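Got a minute to walk through a model together? Here it is.

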Amino acid sequence: MKKKALITGITGQDGSFLVELLLENGYEVHGIIRRASTFNTLRIDHLMNDETIMNKNLFIHYGDITDAANINQLVRTIQPDELYNLAAQSQVRVSFEIPVYTGMVDGLGALTILEAVRQLSPHTKLYQASTSEMFGGMEFNMPEKGYNENSLFYPRSPYGCAKLYAYWITKNYREAYNLFAASAFIFNHESARRGETFISRKVTLWFASYMKSKINKQPFTPLKVGNLTALRDWSHAKDIVKSMYMILQHDKPEDFVVSSGEMHSVREFIEICFSLVGKTIEWSGEGLNEIGICDGEPVVKVDPRHFRPTEVQRLLGDCTKIKETLGWTPEYSFMDLVTDMVTSDFTLKGVNII
């Protein structure tokens, strides 16, 4: 008999990779999407348009994790073997602008899921997507090897605070009701399916447009960014999604840090993009006046509008536990990640170089 999985946030970057992985492993997959006049299913359209998959192994339901009655009905009806809660307002900068909504979705939404499982499907194994933003990147609380499962929390955004609540309530339900409820502290993870407002995808999309302009000898608009020196632990989303699946196949619910174990700056991310086409970017000035120059032209500028009210300067994860406990190992390097994203956006923009 097929295992059943329910995914919230199935149309997001991680959800789209996860549904592919679960289908490959023979699951019946149910996904929740929010009702809207314009559907945001681009990342899973290739599956929804496949008649051999849709309505046989993949089922899409309308819903919202802030609507308890709706979630209760879905959990009661589906009785999933595994539930992956990936739904979130996950843009950190935006969380400062819509903090209440972020708290409702990312924090109380997790509680809605937990209550539904507790009351209606207690056999379900639950995965809660936590985040590195809960640690805050402060000097005083980051061990030399990076944050691990026992590190102190110090969230620096409404997003991080909401996710911290979701983590603690998940842990509480696991201990209070003996649920199989596991969390993963996921560090930055990207892919060609990343949303266009995230810095990684913003850079690669701009770079593809920039190269197209140069090839066609047309004017271009410089890339505008915030904190160039911010250091992040970047992984490929495919590697992260593989860890999600492995965590729910474990014989007991545990929490894990999932990361690459390396830090790279936004500046370095941009430099690698240019290096892939044999170009070098040079930097001039400091702080808000810093610019990146290529072929004698300014191509990158710092825009203070992209800074957060409270910055997270450094995030590094120590993923020793998941490697030793579950045997998880990433397949993609940082260079692989950037190359994959640039290549994809070059194809999207019709640039034939790489």
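A few questions and answers on this model follow.

Student: What should I know before reading the numbers?
Tutor: This is a predicted model, so local features need pLDDT of at least 70 and side-chain atom pairs count only at pLDDT 80 or more, while totals for chains, interfaces and linings use all residues. Residues are numbered from 1 along each chain as its sequence is written, and side-chain values use heavy atoms, with hydrogens and water left out.

Student: Which helix supplies the largest share of the largest nonpolar core?
Tutor: A nonpolar core is a set of buried Ala, Val, Leu, Ile, Met, Phe, Trp, Tyr and Cys residues joined through side-chain atoms within 4.5 Å. The largest one holds 38 residues, and Tyr-127 and Ile-247 are among those touching the most other members. Helices and strands here are DSSP runs (H or I, at least four residues; E, at least two), numbered from the N terminus. With 7 residues, the largest share comes from helix 8.

Student: Is Asp-255, the salt-bridge partner of Arg-174, buried or exposed?
Tutor: A salt bridge puts a side-chain nitrogen of Lys or Arg within 4 Å of a carboxyl oxygen of Asp or Glu, and here the closest N and O atoms are 2.9 Å apart. Buried means under 20% relative accessible area, exposed over 50%, partly exposed in between (1.4 Å probe, protein chains only). At a relative accessible area of 8%, Asp-255 is buried.

Student: And how does Asp-295 count, buried or exposed?
Tutor: Asp-295 pairs with Lys-279 in a salt bridge, 2.7 Å between the closest N and O atoms. Lys-279 is partly exposed at 22% relative accessibility. At 53%, Asp-295 counts as exposed.
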